[in-house]
Amino acid sequence: MPDLVSLIFFLALIGGLVMLACGATVFAAETAPRGRQGRMHSGHLVAGAWVAAAGLTMMALVAWSTHEDVHYDDSLFPYLAAVVGATTFVLGLGPFVPWLLGVLGRGGARLPAALRLSARHLADRRARTAPAVAATMIATAFAVAVATMAAAGTAQSRAQYVPQARPGALVVRLDTARPAPGIAAVRQELPGTDVAQGLTPVHPFDLTVSTADSATSSSRAYIGDQALLRYLTGDPSFPYDESRAVAVTSEQGRHDTVTIEYSAPEDPPGEPRISRTVPATVVPPPVGGVEAVFLPAKLVLGMGVKLELEALIVDPSLHRVTAADRDRVQERLGESGQAYLEEGFVPSYGWLLFPGAAVPAALAGALAATVRSRRPDRLLLRAGGSPAAARGLTACRAALAAACGAVPGAVAGCVAGLLLAWPFTTSVDWDPVPRVPFETPWSSIALATVALPVLAAAVALLFRPGRRP
């Protein structure tokens with residue numbers, strides 16, 4: 001039930017924000033004057049400017065409050081405030097759409113004849129055409145803002161990515177209580193492949209490993225045999241000594257000894273943990289490898305710690321595993337394990353769904369403005385014009401309507417996206433990775449801004465011109 005309530009709240013919140021942004025169409029319709037020669041009321045433009053400035057200020061305040069590379073609480077308030085500011089900013093731009101149409105309709109004397117006629121036709125009935133052009137502006141601003149935020153989020157995620165294994169390595173996490181099905185799955189799907197075994201202390205044994213200068217959690221303490229050491233170092237000829245640990249690290253400092261602390265099941269609560277220091281050999285990790293401490297299994301067993309099989313690792317130096325191999329192993333594993341293939345950072349492209357839905361909405365707004373403007377087809381045909389000329393004028397009108405919405409929308413989307421990138425790249429970790437610069441997709445934004453009028457004109461060419469009466 002709490003999940004259902006959260007879903008309903010989330011949908012209601014998204015719906016409210018969408019309605020707030022779509023209020024720009026209502027704002028544009030209510031403030032549009034009658035006729036092409038009508039002047040915009042200055043109060044409407046001032047009101048829109050104040051609303052847009054309020055949204056811009058809210059976004060700027062949230063961006064300023066989240067610009068430091070520190071730990072932030074896991075709170076939805078900064079995100080919600082930033083998104084509300086962005087929608088308010090777009091809402092305030094509503095009155096400027098009919099103003100722009102009026103400026104083009106009255107001052108297009110220097111434009112080519114087709115554009116001049118198209119601008120006049122769009123400005124003749126601004127109360128009908130301005131809301132549709134505003135819808136194009138809203139959809140374009142939404143798509144551009146999402147693309148900008150996605151670029152920032154992808155760059156930050158790439159900087160924060162920590163590999164779980166060497167590149168190309170297949171790690172099969174087993175059910176320690178039932179490792180046999182996992183072993184059988186790997187043998188059947190990857191026959192003849194050398195597999196390194198990763199061991200872990202049997203519960204309730206608790207083992208912690210640290211070097212002289214830094215501590216390494218038990219999740220980074222690899223326990224196994226020579227095959228596991230060869231995988232960690234990437235060097236098949238690296239000497240294997242059952243009495244020495246190996247610190248695979250690129251850190252500077254003293255790592256010539258390793259301290260192992262553990263507690264046995266029979267130890268009463270509150271008793272100090274058993275500590276043992278063993279000599280260690282330091283080796284840098286291979287390219288893309290993980291930093292860890294390797295402990296020979298015989299050394300750990302000699303301390304009285306019981307071990308069990310935790311993972312099977314396919315060394316990429318010996319066998320290159322493909323994604324298809326991983327999928328087959330995972331299918332055979334079922335619920336008895338998990339197969340993970342280290343492929344490096346893979347960006348997510350799920351955000352493309354939002355611009356993908358916004359582009360048809362922007363195109364529909366431009367075409368709606370074309371249909372709702374005074375259609376000159378019959379007048380042109382009466383004057384002896386050809387149907388091809390009527391189609392061309394309709395296409396020009398559609399392109400101009402799309403441009404009047406796409407260009408302001410792209411500018412507004414860039415402003416909103418660059419400000420929203422700050423709160424949406426914050427970190428809840430106590431040791432956050434500093435923010436990294438990202439490349440705003442200017443070329444894609446410019447291409448989309450130009451392509452939308454061209455696409456609108458191409459679709460408008462399919463319109464059938466009015467018949468002769």
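# Notebook: salt bridges, helix α8 and a buried arginine

I began with one charged pair, Asp175 and Arg178, which form a salt bridge whose closest N and O atoms are 3.9 Å apart. I noted the surroundings of both partners: Asp175 is partly exposed at 28% relative accessibility, and Arg178 is partly exposed as well, at 44%. I should record at once that I am working with a predicted model, and that every value in these entries is computed from it.

**Entry: the chain as a whole.** Before going further I looked up the overall make-up, and found 14 helices and 11 strands in the chain. Of its 469 residues, 44% count as buried. I also looked at how contacts are spread along the sequence: among those with a separation of 6 or more, 84% are accounted for by residues 24 or more positions apart.

**Entry: other salt bridges.** How many salt bridges does a search of the whole structure find? The search returns 10 of them. In general, side chains of opposite charge can pair when their charged atoms come close.

I looked next at Arg332 and Glu189, whose side chains meet in a salt bridge with 2.7 Å from N to O. This pair links distant parts of the chain, since Arg332 belongs to helix α10 (residues 323-333) and Glu189 to helix α7 (residues 180-189), 143 residues apart. Arg332 is partly exposed, with 44% relative accessibility, whereas Glu189 is buried, with a relative accessible area of 17%. I then found that the two belong to a network of salt bridges that links Glu189, Asp325, Arg328 and Arg332.

One further pair went into the notebook: the side chains of Arg326 and Asp327 meet in a salt bridge at 3.2 Å, N to O. For Asp327 I noted a relative accessible area of 44%, which makes this residue partly exposed.

**Entry: helix α8.** I turned to α8, which spans residues 226-233, and asked how many of its eight residues are buried. Six of the eight are, and the helix is mostly covered. The buried ones are Ala227, Leu228, Leu229, Tyr231, Leu232 and Thr233. When I looked up what covers these buried residues, I found strands including β2 (195-201), β5 (221-224), β6 (245-248), β8 (274-283), β9 (292-296) and β10 (307-314).

I checked both ends of the helix. At its start, a side-chain oxygen of Asp225 reaches to within 3.3 Å of the backbone nitrogen of Ala227, and just after α8, Gly234 takes a positive phi of about 70 degrees.

**Entry: Thr233.** Is Thr233 buried or exposed? It counts as buried, because its relative accessibility is 6% and the cut-off for buried is under 20%. A polar atom of the Thr233 side chain lies 2.9 Å from the backbone oxygen of Leu229. Residues up to four places away in sequence set aside, Thr233 touches Phe238, Val248, Val283 and Pro286.

**Entry: Arg166.** I then followed an arginine that lies in a loop, the one between α6 (126-160) and β1 (170-174). Arg166 is buried, with a relative accessible area of 10%. Which side chain does the side chain of Arg166 make a polar contact with? The partner is the side chain of Asp315, at 3.2 Å.

Leaving aside neighbours within four places in sequence, I listed the contacts of Arg166, among them Arg230, Tyr231 and Gly234, and also Pro286, Asp315 and Glu342. Tyr231 had already come up as one of the buried residues of α8, and Gly234 as the residue with a positive phi just after that helix. Pro286 is touched by Thr233 too. I also compared backbone positions and found that the C-alpha atoms of Arg166 and Val287 are separated by 8.2 Å, although the two residues are 121 apart along the chain.

**Entry: cavities.** Last, I looked for enclosed space, and a search of the whole structure finds three cavities of 30 Å³ or more. The largest has a volume of about 50 Å³. Its lining includes Glu68, Asp69, Val70 and Tyr72, then Gln156 and Gln160, and, later in the sequence, Thr425, Thr426, Ser427, Pro432, Val433 and Arg435. Sorted by kind, the lining residues divide into four nonpolar, five polar and three charged.

Methods: Residues are numbered from 1 along each chain as its sequence is written. This is a predicted model: local features need pLDDT of at least 70, side-chain atom pairs count only at pLDDT 80 or more; totals for chains, interfaces and linings use all residues. Side-chain values use heavy atoms; hydrogens and water are left out. A salt bridge is a side-chain nitrogen of Lys or Arg within 4 Å of a carboxyl oxygen of Asp or Glu. Buried means under 20% relative accessible area, exposed over 50%, partly exposed in between (1.4 Å probe, protein chains only). Helices (H or I, at least four residues) and strands (E, at least two) are DSSP runs, numbered from the N terminus. A polar contact is a pair of N or O atoms within 3.5 Å; within protein, one must be able to donate a hydrogen and the other to accept it, and residues adjacent in sequence count only if both atoms are side-chain atoms. Contact means heavy atoms within 4.5 Å. On a 1 Å grid over the protein atoms alone, a cavity is a set of points where a 1.4 Å probe fits but cannot get out, and a pocket is an open set with protein on both sides within 12 Å along at least five of seven lines; lining residues have an atom within 4 Å of a point. Grid points are joined across faces, edges and corners, and a volume is the space filled by probe spheres set on the points. Ala, Val, Leu, Ile, Met, Phe, Trp, Tyr, Cys and Pro count as nonpolar, Asp, Glu, Lys and Arg as charged, and the others, Gly among them, as polar.
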